[in-house]
Each structure stands twice: as C-alpha cells, then as structure tokens.
Amino acid sequence: MIPIVSSRNRELHRVIAGIMNNIRVRFAPSPTGYLHVGGARTALYNWLFARHMGGVLILRIEDTDVDRSKPELTTAILESLEWLGLNWDEGPIYQSQRLDRYHAMALSLQSSGHAYPCFCTPEELQSKRAKAEAERRPWKYDGTCRALSHADRDRLLAEGRPAAVRFRIPDSGKTSFEDQVFGHIEVEHRDLEDFVLLRSDGHPTYHLGVVADDIDLRVTHVVRGADHISNTPKQILMYQALEAPIPVFAHLPLILGPDKQRLSKRHGATSVGAYREQGVLPQALVNFLALLGWTPPGQKEIVTIEEMIRDFDLGAVSKSNAVFDLEKLAWMNSEYIRHLSPEQLLPLVERELAGAGLPVRDPGMGVQEEERFKQIVLLLQSRARTIQDYAGPFRAFFNDEFAYEPGAVKKFWKDGSIASLLEALAERMAAANPFDLAGTEAALRTLAEEKGVKAGLLINASRVALTGQAVAPSLFEVIVVLGQDRVVARLRRAADHLRSVPDNSTSPAA
RNA sequence: GGCGCUAUCGUCUAGGGGUUAGGACGUCAGAUUCUCAAUCUGAAAACCCGGGUUCGAUUCCCGGUAGCGCUACCA
C-alpha cells in the first residue's frame, strides 16, 4: 500500500503537532524607540516560526525601564507590526503591570538561597569598576554582599538601606545549551557575575522580567537577537533555580550597516516607520528582511508569505551578521510595486500624492479624469522604485506646476532651434486628429521631416517640455495620457520659457 | 582587558572532502530605442591566514587574525 500524503495533509499534521506540542514563542520589544528593522526581523522570524509550527505568538512589551520607556512608542511599535502584517495571538502583555509577580519571584529566589540582597550603591560599584579598569584587572561584581551574614543582612534591611537583589551564580561548573541556530554554546560559571534581578527602586531588570514572563507565559522557544547569547546562560541558571522547564533557544545574527557596524541612525533610516514613509511596501520589506539571514529552498528570492511560512526553518538561519543593503531593498520594492494590481496600487498613489499636496480627487472629477489618472499611474508603475516617486520625479503627471530639471535642459534643450520646433509641434498637436499614439507620432515625425531634424531631437526636447525630466516613459504614451490640451499648453509654455531665457538657464517653469 | 560567537564575490547567500564554487542585488558591456527604467544576452567579481587530518581540503580539527556581541541597579 502506498501512503498518500498530500502537501495539504502534511500541512495539517504540522499544525496539529504544533498545537499538541504547545509551541509558544514571543516577540518582546522595548518601547524605548521605534520598531527598527532588526526588531522587525526578529518579530518576523518568531511569527514565521509560530505560523509554520501552528504555534502561538505572544507580544510582550518590556517597559521596565521607566525612564526610557514611552507609551506612545508602544503604540508606534504596534502600528508598525500591524503594517507589516505580523499579527499576534496573545498580548500585548506589559511588564510594567506585572511588578508584583517579579517581586514574588525575586523573593522565592531569595528564600531558596539563589539570590540575596545587595546593599552596594551604584556609586560604590561604579568606582570599584573604574578602579579595576584603571588597573587593567577584569571586573566582576566582587560579592561584597553575597558574603554578608544573616545578622548583618537583617540589620541593614532593618535600617532601611536600599537594596537590590542579586542572583547567586554557582561557584563552579558551567552551563551550556544547544542553540537552534548557533549550536552548542557553553560558559564557565566563573566567567559570570552575580547580576542584579531587582533594582533598589523595586523594578525588575531585563533578566528577571524575561525569565519570569517566559515561564509564566509557557514560552517554549525563545527566538531573539544574537546580542542575547551571552545572557542566555544566566537565564538558564534562573530557570534551574526556579525549577522551571528550560525553553529552546534560537539566536538570530545581527543586522549591520554598510560599515559593518551595528545598524544605527547614522546609517540613515532604521525604523520600519521610516521605510513606510519612504514609499516601501510592507510585503517588500518583509520579503527583504526574511532573506536577511535565511534562505528559502530553491533559488527564488521573491517569495510569498505563504511560501515563507511553509518553508521557514530556524535551523537554516545563518550564523553570521548581515549588512542591510538598501539597494537590494529598493530593487525588491520596485519588483513588488510592478506586480501590484491597479486596485492595490491606485489607493497607495493617491495617498502619497495627497500627502505631498497633490490631491487627485476633486469633487468635479469626471469618469474620464478618473480613467486618465489610472492610465498615468499604470504607465509609471514599472519605473517606480518607491511609491514616493509618484510625488517626486513623476510630479508633472499629476500637476501643471513642475520645474524643468537642469540636467534634462542641458542634455536636450541645447539646440538653438528648440523653441521654434516646440512652437511648431504645439500647432501640430493642436491639430492632431485622432489624438492617439499613432496620430501624434505621425504628426511629430512629419514635422521633423519637414524641418529636416531627427525625430529623436524633437522627441527628447518634447519630453522635457512635457515632464520636466530627461527620464520618462515613451513620449507618445506620455502625450496620450496627458491629453491634448495639456500637451499643447506645455509645449507652448516650454517654447516661451526658452525664448525668455535664451541662455537655457534652469529657472522653474511655473 | 575577560568571556562568547562568527568568517564563501562589494552586499545577501547556496554548497560541500574531489564542483567550471551556484543564485540574487549592485557594477560593467552589448541588444533594443525616443530618454531612462524595464527586458534579454554576456562579463568582471569570493572560499581570511597558518598548521594539522587526508590520496585529496574552501569544506573536518587546532592556532592566528579580523569583525561583532556581552562584560550596567539598559534591554
């Protein structure tokens, strides 16, 4: 008997397995900044893993740093996630609302002897650290308060001395784990220091927050940036002290700038929101980010979200950091724009134009204008790198007020006869009937022949007159789409402009 | 400094004990043409260095180097 397992069946089995295994992952941004592309990729990989496995994605907001966390940033992060299409199944859960829980855990760790109060002040520690550094000695918390007797401890507590709570690292031995991406990792306990769990102001540190939450939320797989590899052994020790099951860890290589330094503002835009504003499509950004550290099977690079979900595999994630290549993103974005249906593209362009003060929709807009608008958008579709191009280089297609681009003027308006040629062409265009591709082309070529100039000269000069740009679609397509009245007017205006500034200076037309 | 991790074209990467080391972005050239983009064709472009294991290492091991990360009462 031949077992028949359709791909659909396999899909189903995987989802069932995911549910049975109770696969639970989380994305835990800190609202101390906007969602940056690195965070977005972490979110994406968590999301893909959850969807692939039929598991659950939890969103948690790590807002324990009261000074740096801002509620409006949480809102912005949520918006960015939604824009990218990364939905979550549980949460958002706010750490700031779980303070009691962290206190309880810190207490339990203390009563089991895995943690202790530390009365050292930040200033004391700071100076000890500075001294060690000056003497070029490696610094690690020296354990002053670890050695305190019960009596001393109680006395200091009774005095009301502010105390942090530190985790007690075992004196010897080592901790290791099998990272799903990096493989076996281990560190000696002697290289770890007794880190702070609870600040003296009662707020938990990152370590306590994550572990407490991941335990309570029954997180099975921790997928996060590689900058947390070094933190993992400490956290595993906490799981053990708490007698909680240890999740599977998978660390993701970092995203770097072109100079191979960690991506930061000085490399330009780093936030998801900034790319959105720059006219990048969410699908393109998701696709690009997915490929930064992971390669789907096959050689295809433009992959649908369904294919990503189907093929995603933590084990296939790269171990080395990746440079964020804006050029490739731009290419991918143009690729996605090109494949948008008119129904998808039109509203995006309208939004962009409106944002740039070039509204297309006025109350008196007729069906014909509506159709013309659509034709223009589609004509330009294959040349758009971002949606923003519509309000930038393509401006002349949507508004009569545009400037003649200096480079274009220099390149195509240098011939002295241009003004009169454009003037003559205006007349022919006014007379062209029918005003279509063939009709206008014939009119132009006839004129060129009569004047004894190459058609190309007239075509290129006209393109500048009609669009202000040296670069635009095929001239006759532009002519048809702009319409007879505009074409005639713009040709005349260009001729006038040339006559008024014989030196071909590049002052704006309007 | 200590500890950890990483190392294939400029960039993202595939591959893997014996390959013409594959793809993509970018670059360059050609085709096309009415400019540019797109498209098509072609080209240049990489296994960090040194040892070891092996008949044979880019691949496995060790060392070096470089880069990154952690080394906070940040996350």
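A polar contact is a pair of N or O atoms within 3.5 Å; inside the protein, one atom must be able to donate a hydrogen and the other to accept it, and residues adjacent in sequence count only if both atoms are side-chain atoms. The model described here is predicted.

## Threonine 440

The side chain of threonine 440 makes a contact of this kind: it reaches the backbone oxygen of aspartate 436 at 2.8 Å. Threonine 440 belongs to helix α17, which spans residues 437–451. With a relative accessibility of 0%, threonine 440 counts as buried, because the limit for that class is under 20%. Leaving aside residues up to four places away in sequence, threonine 440 touches Met429, Phe435, Phe476 and Ile479.

## The surface near RNA strand B

RNA strand B is surrounded by 63 residues. The closest of them are Arg199, Gln261, Arg383, Arg463 and Ser474. Sorted by class, this surface has 25 nonpolar, 16 polar and 22 charged residues. On the RNA side, 70% of the atoms within 4 Å of the protein belong to sugar or phosphate, and the rest to bases.

Three side chains illustrate the polar approach to the strand. Glutamate 62 has a polar side-chain atom 3.0 Å from a sugar or linking oxygen of RNA strand B. For threonine 295, an N or O atom of the side chain is 3.0 Å from a sugar or linking oxygen of RNA strand B. Arginine 445 instead addresses a phosphate oxygen of RNA strand B, with a polar side-chain atom 3.4 Å away. The elements that give two or more residues to the surface near RNA strand B are the helices α5 (122–134), α12 (326–338), α15 (406–412), α18 (455–467) and α19 (475–482), together with the strands β5 (164–167), β7 (183–188) and β12 (322–323). The most is given by α12, with four residues.

## Strand β5 and its partners

Strand β5 is joined to β4 (residues 115–118) by four bridges, and the two run antiparallel. Strand β5 also pairs with β8 (residues 196–198), again in the antiparallel sense, over two bridges. Valine 165 of β5 has a partner in each neighbour: proline 117 stands opposite valine 165, and in β8 the bridge partner of valine 165 is leucine 198.

In a regular strand the side chains alternate between the two faces of the sheet. In β5 both faces are covered: Ala164 and Arg166 on one side are buried, as are Val165 and Phe167 on the other.

## Arginine 166

Arginine 166 is found in strand β5 and is buried, since its relative accessible area is 6% and the limit is under 20%. Its side chain reaches the backbone oxygen of aspartate 194 at 2.6 Å. Beyond residues up to four places away in sequence, arginine 166 touches His114, Ala115, Tyr116, Cys118, Leu125, Tyr141, Asp194, Phe195, Val196 and Leu197. Arginine 166 is separated from glycine 33 by 133 residues in sequence and by 28 Å in space, C-alpha to C-alpha.

## Arginine 153

Arginine 153 lies in helix α6, residues 150–158. With a relative accessible area of 12%, arginine 153 is buried. The side chain of arginine 153 reaches the backbone oxygen of arginine 146 at 3.4 Å. Its contacts, not counting residues up to four places away in sequence, are Tyr116, Pro117, Phe119, Cys145, Arg146, Leu148 and Arg168. The C-alpha atoms of arginine 153 and lysine 300 are 63 Å apart, with the two positions 147 residues apart along the chain.

## Cysteines

The structure holds zero disulfides. The sulfur of cysteine 118 has its closest cysteine sulfur in cysteine 120, at 3.8 Å, too far for a bond because a disulfide needs the two sulfur atoms within 2.5 Å. The sulfur of cysteine 120 is 3.6 Å from its closest cysteine sulfur, in cysteine 145, which is also too far for a bond. Cysteine 118 is buried at 2% relative accessibility, and cysteine 120 is buried with a relative accessible area of 12%.

## Strands β1 and β2

Strand β1 (residues 24–27) pairs with β2 in the parallel sense over four bridges. Within this pairing, valine 25 stands opposite leucine 57 in β2. Strand β2 covers residues 56–61, and five of its six residues are buried, so β2 is largely enclosed by the rest of the structure.

Technical notes. Residues are numbered from 1 along each chain as its sequence is written. Chains are lettered from A and ligands numbered from 1 in the order in which they are written. This is a predicted model: local features need pLDDT of at least 70, side-chain atom pairs count only at pLDDT 80 or more; totals for chains, interfaces and linings use all residues. Side-chain values use heavy atoms; hydrogens and water are left out. Buried means under 20% relative accessible area, exposed over 50%, partly exposed in between (1.4 Å probe, protein chains only). Contact means heavy atoms within 4.5 Å. A residue is near a molecule or strand if one of its heavy atoms lies within 4 Å of it. Ala, Val, Leu, Ile, Met, Phe, Trp, Tyr, Cys and Pro count as nonpolar, Asp, Glu, Lys and Arg as charged, and the others, Gly among them, as polar. Two strands pair if DSSP finds at least two bridges between them.
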